[in-house]
There are 2 protein chains.
Amino acid sequence: MRNAVIGVDAGGTKTTTALATEDGYIIKMLREQTPTTEGAQAGYEVICVMIQNLINEAVKFDFKVTHIGVGFGGPVDFKHGIVYLSHHVEGWENFPLKEKLETKFGIPTIIDNDANAGTIAEWMFGAGKGMDNLIYVNIGTGIGGGIISDGKLLRGWKNLAGEIGHITVKPDGPNCTCGRKGCLEAFSSGSAISYKGTLYFGKPLKSEEVFQLAQQGNQVANKIIQEAVDMLAFALGAVINLINPQLIIIGGGVADAPENLLLEPLRKKLPEYTLPESIDGLKIIKAKLGYDAGVIGAIALALLEKNK
Amino acid sequence: MRNAVIGVDAGGTKTTTALATEDGYIIKMLREQTPTTEGAQAGYEVICVMIQNLINEAVKFDFKVTHIGVGFGGPVDFKHGIVYLSHHVEGWENFPLKEKLETKFGIPTIIDNDANAGTIAEWMFGAGKGMDNLIYVNIGTGIGGGIISDGKLLRGWKNLAGEIGHITVKPDGPNCTCGRKGCLEAFSSGSAISYKGTLYFGKPLKSEEVFQLAQQGNQVANKIIQEAVDMLAFALGAVINLINPQLIIIGGGVADAPENLLLEPLRKKLPEYTLPESIDGLKIIKAKLGYDAGVIGAIALALLEKNK
């Protein structure tokens, strides 16, 4: 009987689970809508059914599931495996997810937030393979991030490290989802770009469409994108001065924007905001794993725990 | 024969060395002016004479010196023990300090920058004892800092992590010593406060004197201090969101300012720039070790290496 692990990406829109070998090779992947209006219990039950299906699958192929890793869409008390809250679904406050899954399935389970899971995924299997000091920034609806420093994920006191999206870039700037003002997320996230596009063009625009307009030479769209990139450079400057990474990986939907509108101007702008010796040699690249980074990260969490 | 270590704080103004027991108890301390105009070789020779004196002292008391730790006033290639440069004295560029000292004295030697040494000092022997996640900020002529995360000093790719003083707080702000504009150091360091005081009052003023005037109710001095504190809060907000520390320790000369002008308004201002869950429970306190943090940190570096 060979060993396998299960990864669970419990996101705000979709729940993705996968069964993988000890080398991280995915044997089977399942994806379901996350029940967003029925509260935490409904979401938990979807997770349980999907895990059970994968355990059944494992048995069929003569695999033994030794660990479960969960990447959750919200802050998590890593030590105790308790969800602090969900950014998308009510009722997850202080939900003891680790304990409940371990009791139900009898398999050691590790819970982390999805930004950390994505970071570990890109570090173990993606664009950051073999690097000991890197930053992962996921720019989608919001902006999340994670830090690998000296070959270890940086967690901080309450596993809240890496909140790049909520660095203030402009005091008294636009409102942020966190209730404060002028966070990076309020300038450079997909939803911030979309919001501004919608406002300035007087019709609903997705962030991709704002990028498209900018690419076609539209000046207003270009200004929106330029501000988003400048603010991103400003926040990343602080990150670089503090963490001294070798690599910055940009993931999430916005990372699919044309290189000449996002990564190129970002690289050009960054030296304004960092010590020259800290930016010297630093690389800024696109993430490799795309949408599946979440579930691959959950698998990676399980594998890290297994090989501890 | 008992074991001992030697610590060297090679600062821009003074060079301090000390012989200490394995518990960090200082047996003998020496302090000399750092030769600032005669280049690196002169500074290196002063260090060597002082180390030799302490080795002789150790022999007298039947101690064997097992390790030497050096905290250097400038960035250092930690892995190879090479000084990148001195902020104060010319000729230190790529100086192989570890190799030279090890060849001369035959004692394993560890070199780090003085901000890291100060951080380790406060963590092992000062205000941060027993804490696994803390930030140390030294506000003096410049602003340096260090990060202890998950019980380890965070070094980054090239041992350049923790450069809190060079986080941009205001694009196009005043000139900084690093050649850029609007760094925290250009607003909140002792020399920045002194510079502004001198400018606004039309006579040379030290930063302590600006604090004194503010304490006496002078509105101009108060404005200078308020801006310094606000910018410090802005930069520390980024640090807190990224690192999620349990404790922030403020050291250096400026930390001696009255609590009601520095730490109190800082604590009040910080929540504007951080996620509420990251600031919840965080403590901001004054450093404990004062001027000797540097040499105590160098001793701590030696002890950490010894106990590795």
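# A walk through two chains

Start with B:Asn133, which sits in the loop between helix H3 (114–125) and strand E8 (134–139) of chain B. One thing to keep in mind as you click around: this is a predicted model.

**Stop 1: B:Asn133**

Is B:Asn133 buried or exposed? It is buried, with a relative accessible area of 5%. Now show its side chain and look for B:Asp150: the backbone nitrogen of B:Asp150 lies 2.9 Å from a polar atom of the B:Asn133 side chain.

Next, colour the residues that B:Asn133 touches, skipping those up to four places away in sequence. From chain B you should pick up B:Ile148, B:Ser149, B:Asp150, B:Asn244, B:Pro245, B:Gln246 and B:Leu247. Chain A joins in too, with A:Gly156 and A:Trp157.

**Stop 2: B:Asn113**

Stay in chain B and select B:Asn113, in strand E7 (residues 109–113). B:Asn113 is buried, with a relative accessible area of 9%. Follow the side chain of B:Asn113 and you'll find that it reaches the backbone nitrogen of B:Ala115 at 3.1 Å.

What else does B:Asn113 touch, not counting residues up to four places away in sequence? The list is B:Gly71, B:Phe72, B:Gly74, B:Pro75, B:Val76 and B:Asn159.

**Stop 3: B:His87**

You've just met B:Gly74 and B:Pro75 as contacts of B:Asn113. B:His87 is in contact with them as well, and with B:Gly73, leaving aside its neighbours within four places in sequence. Select B:His87 in the loop between strand E6 (82–83) and H2 of chain B. B:His87 counts as exposed, at 54% relative accessibility.

Try a distance here. B:His87 and B:Gly12 are 75 residues apart along the chain, and their C-alpha atoms are separated by 7.4 Å.

**Stop 4: a pair of helices in chain B**

Now show helix H1 (residues 39–60) and helix H2 (residues 97–105) of chain B. Their axes come within 12 Å and cross at roughly 40°. H1(B) and H2(B) are therefore oblique to each other, and the crossing is right-handed.

Which residues meet between these helices? On the H1(B) side, pick B:Gln41, B:Tyr44, B:Ile47, B:Cys48, B:Ile51, B:Gln52 and B:Ile55. On the H2(B) side, pick B:Leu97, B:Lys100, B:Leu101, B:Lys104 and B:Phe105.

**Stop 5: over to chain A**

Hop across to helix H1 (residues 39–60) of chain A and its partner H2(A). The axes of H1(A) and H2(A) come within 12 Å and cross at roughly 40°. That makes H1(A) oblique to H2(A), and their crossing is right-handed.

Zoom in on the residues that meet. H1(A) brings A:Gln41, A:Tyr44, A:Ile47, A:Cys48, A:Ile51, A:Gln52 and A:Ile55, while H2(A) brings A:Leu97, A:Lys100, A:Leu101, A:Lys104 and A:Phe105.

**Stop 6: looking for disulfides**

One of those H1(A) residues, A:Cys48, is worth a click. A:Cys48 is buried, with a relative accessible area of 6%. A cysteine may get you thinking about disulfides. A disulfide is a covalent bond between the sulfur atoms of two cysteines. How many disulfides does a search of the whole structure find? Zero, over all chains.

For a cysteine pair to look at, select B:Cys176 and B:Cys183: the sulfur of B:Cys183 is the nearest cysteine sulfur to B:Cys176, at 3.8 Å. A disulfide needs the two sulfur atoms within 2.5 Å, so B:Cys176 is in no disulfide. B:Cys176 counts as buried too, at 9% relative accessibility.

**Stop 7: A:Tyr84**

Back in chain A, find A:Tyr84 in the loop between strand E6 (82–83) and helix H2 (97–105). At 24% relative accessibility, A:Tyr84 counts as partly exposed. The side chain of A:Tyr84 reaches the backbone oxygen of A:Lys158 at 3.4 Å.

Leaving aside neighbours within four places in sequence, the contacts of A:Tyr84 include A:Trp92, A:Glu93, A:Asn94 and A:Leu160. Also check A:Pro96: it is 12 residues from A:Tyr84 in sequence and 9.1 Å away in space, C-alpha to C-alpha.

**Last stop: A:Ala115**

Finish at A:Ala115, in helix H3 (residues 114–125) of chain A. A:Ala115 counts as buried, at 16% relative accessibility. Beyond its neighbours within four places in sequence, A:Ala115 is in contact with A:Tyr136, A:Gly144 and A:Gly145. For a final distance, go from A:Ala115 to A:Gly71: they are 44 residues apart along the chain, with C-alpha atoms separated by 7.9 Å.

Terms used
Residues are numbered from 1 along each chain as its sequence is written. Chains are lettered from A and ligands numbered from 1 in the order in which they are written. This is a predicted model: local features need pLDDT of at least 70, side-chain atom pairs count only at pLDDT 80 or more; totals for chains, interfaces and linings use all residues. Side-chain values use heavy atoms; hydrogens and water are left out. Buried means under 20% relative accessible area, exposed over 50%, partly exposed in between (1.4 Å probe, protein chains only). Helices (H or I, at least four residues) and strands (E, at least two) are DSSP runs, numbered from the N terminus. Contact means heavy atoms within 4.5 Å. A polar contact is a pair of N or O atoms within 3.5 Å; within protein, one must be able to donate a hydrogen and the other to accept it, and residues adjacent in sequence count only if both atoms are side-chain atoms. Axes are lines fitted to C-alpha atoms, for helices over the stretch in contact, and angles run from 0 to 180 degrees between N-to-C directions. Angles under 35 degrees count as roughly parallel, over 145 as roughly antiparallel, 65 to 115 as roughly perpendicular and the rest as oblique. A crossing is left-handed if the near helix is turned anticlockwise from the far one by less than a right angle, and right-handed if clockwise.
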